[in-house]
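Here is a short report on one protein model. Look over the sequence and the structure first, then read on.

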Amino acid sequence: MAHEESTLATLTEPDPAASRTAGRAHVVLPAFNEEASLPPLLRRLADVARTERLTVWVVDDGSTDGTVAVAGAGSGDLDVRVVRHAVNLGLGRAVLSGLRAALEEAGPDDTVVVMDADDTHDPALLRALQAEIDAGADVAICSRFVPGGDDRTAPLGRRLLSRGAAKLFHHALDVDGVRDFTSGYRAYRASLLARASAHWGERLIEEQGFACMVELLLKLRHCGPVITEVPLALRYDRKRGPSKLKLRRTVAQYLKLLVRDRLSPAPFRKL
């Protein structure tokens, strides 16, 4: 954490009391050099915010382009905040910083959503995710591997990795209700994340790369969550920059995570 700046910059002036009212969705966007992708994504989020109560947390992970300026410009009346890392610390640390910032304001009945900042995830699905949480789910995942899901716009290597990882984790791990283990688009009940964060603290997410999303699921399973999935049609055709996923490194991270999970004891008390 030595390189991390904890300053939260409020880019609009929301009502402090309203920010703790139940029913708000806190959308965490880990961003590294997403200057081109953020404007259309924020516009789509602003459209959703016309009917849903949203706070958007852009976690700038040491970007070297205009990501911070774009986030600072916001989009209309959309409530956008910025969490800054002075240097690039990796996806895992960016997600953790965003979750911590959101939980500082979220009420127990609020929802925390993590989605990619590269505009490949459709913000309109926030309504479907919220409906799952309202119906009793603790975690709702946008899944490419349920009926109605689609990942055909993604590069072949990425598709093979995601599908291979899904099969591996499905057979190796005891997590009910999950087909898409590596999806980066999920909604969490804030009270569930708060319980897990109180137990693990800074160790809630230890992986630096894309394996962090699987790691978070594995730790949350000790809380006994209800997990559901909604279809995700990935829009990789809207991506405006190069992929940050390194295939060999990510495969190694997945395998290391699997071994670590097998060797790590479960929490000594119920979470």
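## Confidence

Over which residues does pLDDT stay under 50? The stretch is residues 1-22. For this stretch the model has 51 contacts beyond four places in sequence.

This is a predicted model. Across the protein, the mean pLDDT is 86. A pLDDT of 70 or more is reached by 87% of the residues.

## An aromatic pair

Searching the whole structure turns up one aromatic pair. Its rings belong to F169 and F181, with centres 5.8 Å apart. The planes of the two rings stand at 45°, so the pair counts as tilted. The cut-offs explain the label: under 30 degrees would be stacked, and over 60 would be edge-to-face.

The pair links distant parts of the chain. F169 sits in helix 5, which covers residues 156-172. F181 sits in the loop between helix 5 and strand 7 (186-189). Twelve residues separate F169 and F181. Both of these phenylalanines are buried.

## A nonpolar patch

Helix 5 also holds L168. This leucine helps to make a nonpolar surface patch, together with V251 and L255. The patch measures about 220 Å².

Why does L168 count as partly exposed? Its relative accessibility is 32%, and partly exposed means between 20% and 50%.

## A covered helix

Now for helix 7, residues 212-220. How many of its nine residues are buried? The count is nine of nine, and the helix is mostly covered. Among the buried residues are C212, M213 and V214. E215 and K219 are also buried. So are several leucines, including L216 and L220.

## Two positive phi angles

Most residues other than glycine have a negative phi. Which way do N33 and D119 go, positive or negative? N33 has a positive phi of about 55°, although it is not a glycine. D119 has a positive phi of about 70°, and it is not a glycine either.

Each of these residues lies in a loop. N33 is placed between strand 2 (25-31) and helix 1 (38-48). D119 is placed between strand 5 (111-114) and helix 4 (126-134).

Are they buried or partly exposed? N33 has a relative accessible area of 27%, so it is partly exposed. D119 has 0% relative accessibility, so it counts as buried.

Notes
Residues numbered from 1 in each chain as written. Predicted model: local features only at pLDDT ≥ 70, side-chain atom pairs only at ≥ 80, totals over all residues. Heavy atoms only, no water. pLDDT = per-residue confidence, 0-100. Contact = heavy atoms within 4.5 Å. Phe/Tyr/Trp six-rings, centres within 6.5 Å; stacked < 30°, edge-to-face > 60°. Helix = DSSP H or I, 4+ residues; strand = E, 2+ residues; numbered from the N terminus. Buried < 20%, exposed > 50% of the residue type's maximum accessible area, 1.4 Å probe, protein only. Patch = residues over 30% accessible without salt bridge, like charges linked within 9 Å, V, L, I, M, F, W, Y side chains within 5 Å. Areas by Shrake-Rupley, 256 points an atom, 1.4 Å probe, with all protein chains shown as cover. Salt bridge = Lys/Arg side-chain N within 4 Å of Asp/Glu carboxyl O.
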